[in-house]
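Here are my notes on this one, written as numbered points. Have the structure open while you read, and click on each residue as it comes up.

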Amino acid sequence: MPESDNFSPVKAGPLAGLPGPAGGITLEERAFLGKVNLRGDAGDQAFMTAVRDVLDCTPPVEPNTVAGGGERTVFWLGPDEWQVHCPEDEQHELVQRLRAALEGRHSAVVDVSDYYVVMRLSGPKILEVLAKGTPLDLHPRAFSPGSCAQTRFGHATVLLHKAADDVVDLQVRWSFAEYVWSYIVDGTLEYQ
């Protein structure tokens with residue numbers, strides 16, 4: 001048995017070690033992102049101002065859009081719902097700061113970091129690969145960089161974010177993460 005002095009833990013996401021895709025396509029887990037679900041009234045100016053002051057950006061109010069970027073990204077999920085991605089472990093402080101700023105207002109702030117996994121798919125043919133699993137119109141006129149959409153991928157519910165022309169982030173529940181990963185990898189085999 002190894003001695004405890006020699007033990008060095010390795011932090012790895014749930015998808016570490018799985019086989020990768022073919023055809024010059026890259027698939028990687030964006031492990032350990034913080035994720036916060038935010039609910040509130042977008043028509044309440046005081047709510048929007050309080051959130052903006054904490055996040056340093058105003059939550060998007062147009063369907064399927066994204067705000068921020070860099071350290072934090074805010075995804076529109078519905079007329080009164082957003083999800084915030086932030087650096088690892090920042091979500092704890094972010095939840096507390098949002099709850100304090102929104103105290104007394106009709107709102108909900110929940111850390112959902114352990115509920116979702118985010119994968120980044122990049123390279124040629126990524127839209128063709130994604131089209132094998134989703135009914136969403138992925139043509140650039142309908143799904144352009146900076147947009148997001150909740151949809152189905154195979155049997156899983158996902159949030160797609162087109163980060164750039166050849167980069168799409170896909171968020172899925174942990175319980176479906178390996179299934180979605182394998183579905184994508186299988187979808188690239190014809191491009192070897």
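1. Let's start with Leu 102, which counts as buried because its relative accessibility is 2%. (Buried means under 20% relative accessible area, exposed over 50%, and partly exposed in between, with a 1.4 Å probe and protein chains only.) Leu 102 sits in the loop between helix H2 (90-101) and strand S6 (107-111). Helices (H or I, at least four residues) and strands (E, at least two) are DSSP runs, numbered from the N terminus.

2. A word on what you are looking at. This is a predicted model, in which local features need pLDDT of at least 70 and side-chain atom pairs count only at pLDDT 80 or more, while totals for chains, interfaces and linings use all residues. Residues are numbered from 1 along each chain as its sequence is written, and side-chain values use heavy atoms, with hydrogens and water left out.

3. Back to Leu 102: which residues does Leu 102 contact, leaving aside its neighbours within four places in sequence? They are Leu 38, Phe 47, Ala 50, Val 51, Ser 107 and Val 109. Contact here means heavy atoms within 4.5 Å. Phe 143 makes a handy ruler: Leu 102 and Phe 143 are 41 residues apart along the chain, and their C-alpha atoms are separated by 33 Å.

4. Next, find Thr 73 in strand S4 (residues 72-78). Thr 73 has 14% relative accessibility, so it counts as buried. Apart from neighbours within four places in sequence, Thr 73 touches Val 66, Ala 67, Gln 83, Val 84 and His 85.

5. Asp 169 belongs to strand S10 (residues 167-173). Is Asp 169 buried or exposed? Asp 169 is buried, because its relative accessible area is 6%. Setting aside neighbours within four places in sequence, the contacts of Asp 169 include Arg 30, Arg 120 and His 161, as well as Val 118, Met 119, Leu 159 and Leu 160. Between Asp 169 and Gly 154, 15 residues apart along the chain, the C-alpha atoms are separated by 16 Å.

6. Now the cysteines. How many disulfides are there? The count comes to zero, where a disulfide is a pair of cysteine sulfur atoms within 2.5 Å. Why no bond for Cys 57? Because the closest cysteine sulfur, in Cys 86, is 12 Å from the sulfur of Cys 57, too far for a bond. Cys 148 has a similar story: the closest cysteine sulfur is in Cys 57, 13 Å from its own sulfur, which is too far for a bond. Cys 57 counts as buried at 13% relative accessibility, and Cys 148 counts as buried at 1%.

7. Zoom out to the whole chain. You'll find four helices and 10 strands, and from the N terminus on they run β-β-α-β-β-β-α-β-β-α-β-β-β-α. Of the 192 residues, 45% count as buried. Among contacts with a separation of 6 or more, 60% come from residues 24 or more positions apart.

8. Last, the overall dimensions. The C-alpha atoms fill a box of roughly 60 × 55 × 25 Å, taken along the principal axes. For 192 residues, a compact globule would have a radius of gyration near 16 Å, and the chain's 18 Å agrees with that. (The radius is taken over C-alpha atoms, and the globule rule is 2.2 Å times the number of residues to the power 0.38.)
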